[in-house]
Amino acid sequence: MGGDMMKMMQEMMGRHAGMMRDMMAESMGSRAAMMSQMMAPEHVEGRIAFLRTELKVTAAQLPLWDALAEAIRANAGAASGVMSAMAGGMPMGAGSSTAPQRIEAQEKALSTRLESLSRLKTALDPFYAALDAAQKEKADKLLVAAPMGMM
């Protein structure tokens, strides 16, 4: 009876672990989908306005903010171009493309991401330096290097 009880407990724990794994994956998927939608290139102007308002950008900081906003816009355009190219025939997943084509698409996407992050960092550094302590604390929570270096 002891062996049967142990086997039953192991099966029950295995089912429970599987259910928890499925729930976590579902939760992460919906969060990722929400983040993806929020960071979508077509929402860039709203994201920029949100960040400017939340950070309480001052008149003195405005030129530095404008440079950062332009970098965010440029990165949104770059992200849109990569997504369109991948959807239009160079997918990163399996399908009709060859392994070398998929590697090439991944290489291009990573290269574009690196360029976007560099552009973002160039604009972010002087803006961040001009923030006061409260603004920096807020910026540390809100300015996230999202897909393709958008924020």
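**Close-up 1. One aromatic pair is found in this predicted model.** The two partners are Trp 65 and Phe 127, whose ring centres sit 5.4 Å apart. Their planes meet at 55 degrees, so the pair counts as tilted. Follow the chain and you will find Trp 65 in helix α3, which covers residues 62-87, and Phe 127 in helix α4, which covers residues 99-129. The pair thus links distant parts of the chain, 62 residues apart. Are these two residues buried or exposed? Both Trp 65 and Phe 127 are buried.

**Close-up 2. Phe 127 and its surroundings.** Setting aside residues up to four places away in sequence, Phe 127 touches Leu 55, Val 57, Gln 61, Leu 64, Trp 65 and Leu 68. Some of these names return in the largest nonpolar core, which has 19 residues. Which residues have the most contacts inside that core? They are Leu 55, Trp 65, Leu 68, Ile 72 and Phe 127. The elements giving two or more residues to this core are α2, α3, α4 and α5. Helix α3 supplies the largest share, six residues.

**Close-up 3. Leu 117 and Ile 72.** Here you can look at two residues that are 45 apart in sequence, while their C-alpha atoms are 9.8 Å apart in space. Leu 117 belongs to helix α4. With a relative accessibility of 29%, Leu 117 counts as partly exposed.

**Close-up 4. Helix α2 and its buried side.** The buried residues of α2 include Val 44, Arg 47, Ile 48, Leu 51 and Leu 55. They cover an arc of only 100 degrees around the axis, which puts them on the same side of α2. It helps to recall that an α-helix has 3.6 residues a turn, so residues three or four places apart point the same way. The length of α2 can be checked too: at 1.5 Å a residue, its 12 residues should span 16 Å. The end C-alpha atoms are indeed 16 Å apart, which agrees. Just after α2 comes Lys 56, whose phi is positive, near 50 degrees.

**Close-up 5. A salt bridge between α3 and α2.** A search of the whole structure finds five salt bridges, and this view shows the one that Arg 73 forms with Glu 45. Their closest N and O atoms are 2.6 Å apart. Arg 73 lies in helix α3 and Glu 45 in helix α2 (residues 44-55), so the pair ties together parts that are 28 residues apart in sequence. Arg 73 is partly exposed, with a relative accessible area of 29%. Glu 45 counts as partly exposed as well, at 44% relative accessibility. Which residues are linked with these two in a network of salt bridges? The network joins Glu 45, Glu 70 and Arg 73.

**Close-up 6. Two further salt bridges.** Lys 138 and Glu 54 form one of them, with their closest N and O atoms 3.3 Å apart. This pair links distant parts of the chain, with Lys 138 in helix α5 and Glu 54 in helix α2, 84 residues apart. Lys 138 is partly exposed at 31% relative accessibility, and Glu 54 is partly exposed at 28%. In the other salt bridge, the side chains of Asp 125 and Lys 121 meet at 2.7 Å, N to O. Being four residues apart in helix α4, Asp 125 and Lys 121 are separated by about one helical turn. Asp 125 counts as partly exposed, at 39% relative accessibility.

**Close-up 7. The two faces of helix α5.** Start with the buried residues of α5, which include Gln 135, Ala 139 and Leu 142. They cover an arc of only 70 degrees around the axis, which puts them on the same side of α5. Turned away from that buried side is a face carrying the exposed residues Ala 133, Ala 134, Glu 137, Asp 140 and Lys 141. What covers the buried residues of α5? The cover includes α2 and α4.

**Close-up 8. Gln 135 among its contacts.** Gln 135 lies in helix α5, which covers residues 133-142. Its relative accessibility is 6%; being under 20%, Gln 135 therefore counts as buried. Leaving aside neighbours within four places in sequence, Gln 135 is in contact with Leu 55, Lys 56, Val 57, Thr 58 and Gln 61.

Technical notes
Residues numbered from 1 in each chain as written. Predicted model: local features only at pLDDT ≥ 70, side-chain atom pairs only at ≥ 80, totals over all residues. Heavy atoms only, no water. Buried < 20%, exposed > 50% of the residue type's maximum accessible area, 1.4 Å probe, protein only. Contact = heavy atoms within 4.5 Å. Phe/Tyr/Trp six-rings, centres within 6.5 Å; stacked < 30°, edge-to-face > 60°. Salt bridge = Lys/Arg side-chain N within 4 Å of Asp/Glu carboxyl O. Expected span 1.5 Å × (residues − 1). Arc of directions from axis to C-beta. Core = buried A, V, L, I, M, F, W, Y, C linked by side-chain atoms within 4.5 Å.
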